[in-house]
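Biologist: I am new to this structure and would like to learn how to read it. Please take me through it feature by feature.

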Amino acid sequence: GNCPFYLPAAFSPNSDGINDVFRVFTATGTTSKLRSFTIHNRWGGLVFGATDADPETTAWDGKVKGQPAASGLYLYQVTLEDEEGQVQVRRGSVILVR
């Protein structure tokens, strides 16, 4: 029931088609459910949140309330459930590069 996944250390939402969104990458061929995915700014303000979602299509586009978020460090928490019902929680940080 191991569902390996990773999140990039940085992303650059500049519409160049490369690393434009921040999302969870799961192992090929696994079917997992994103129970929750939250991203906060350094002051603890929520900038992105999703629950009970598909990890393949759930991503932060680097905007907050429709406006481009500032460059810098953001904190995330991911709760992922694999096909056997095992839950993994991961916390970390991502750098938004403009």
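Modeller: Start with burial: Phe11 counts as buried because its relative accessibility is 2%. Buried means under 20% relative accessible area, exposed over 50%, and partly exposed in between, with a 1.4 Å probe and protein chains only. This is a predicted model, where local features need pLDDT of at least 70, side-chain atom pairs count only at pLDDT 80 or more, and totals for chains, interfaces and linings use all residues. Residues are numbered from 1 along each chain as its sequence is written, and side-chain values use heavy atoms, with hydrogens and water left out.

Biologist: Is Phe22 buried or exposed?

Modeller: Phe22 is buried, at 0% relative accessibility.

Biologist: How do I read a pair of aromatic rings?

Modeller: A pair is described by the distance of the ring centres and the angle of the planes. Rings of Phe, Tyr and Trp (its six-membered ring) pair if their centres lie within 6.5 Å; planes under 30 degrees apart count as stacked, over 60 as edge-to-face and the rest as tilted. By this rule there are 7 aromatic pairs. For Phe11 and Phe22 the centres are 5.7 Å apart and the planes are at 35°, so this pair is tilted. Phe11 is in strand 2 (residues 10–11) and Phe22 in strand 3 (residues 22–23), 11 residues apart along the chain. Strands here are DSSP runs (E, at least two residues), numbered from the N terminus.

Biologist: What kind of pair do Phe37 and Phe48 form?

Modeller: Phe37 and Phe48 form an edge-to-face pair, with 5.5 Å between centres and 70° between planes. Phe37 lies in strand 5 and Phe48 in strand 6. Phe37 is buried at 0% relative accessible area, and Phe48 is buried at 16%.

Biologist: Which residues form one aromatic cluster?

Modeller: The cluster consists of Phe11, Phe22, Phe37, Phe48, Trp60, Tyr74 and Tyr76.

Biologist: How should I read strand pairing?

Modeller: Two strands pair if DSSP finds at least two bridges between them. Strand 5 (33–40) and strand 10 (residues 72–81) run antiparallel and are joined by 7 bridges. Within strand 10, Gln77 stands opposite Thr38. Strand 10 is also joined to strand 11 (residues 87–96), by 10 bridges and again antiparallel. There, Tyr76 has Gly92 as its bridge partner. Their hairpin has 5 residues between the strands, and Gly85 takes a positive phi near 85° in it.

Biologist: How many residues of strand 10 are buried?

Modeller: In strand 10, 7 of its 10 residues are buried.

Biologist: What about charged side chains?

Modeller: Side chains of opposite charge can pair when their charged atoms come close. A salt bridge is a side-chain nitrogen of Lys or Arg within 4 Å of a carboxyl oxygen of Asp or Glu. The whole structure has 2 salt bridges. Arg35 forms one with Asp52, the closest N and O atoms being 2.6 Å apart. Arg35 in strand 5 and Asp52 in strand 6 are 17 residues apart along the chain. Arg35 also forms a salt bridge with Glu81, with the closest N and O atoms 2.7 Å apart. Glu81 is in strand 10, 46 residues from Arg35. Shared partners join Arg35, Asp52 and Glu81 into one network. Arg35 counts as partly exposed at 31% relative accessibility, as does Asp52 at 47%.

Biologist: Where is Trp43 found?

Modeller: Trp43 is in the loop between strand 5 and strand 6 (46–53). Trp43 is exposed, with a relative accessible area of 72%.

Conventions. Helix = DSSP H or I, 4+ residues; strand = E, 2+ residues; numbered from the N terminus.
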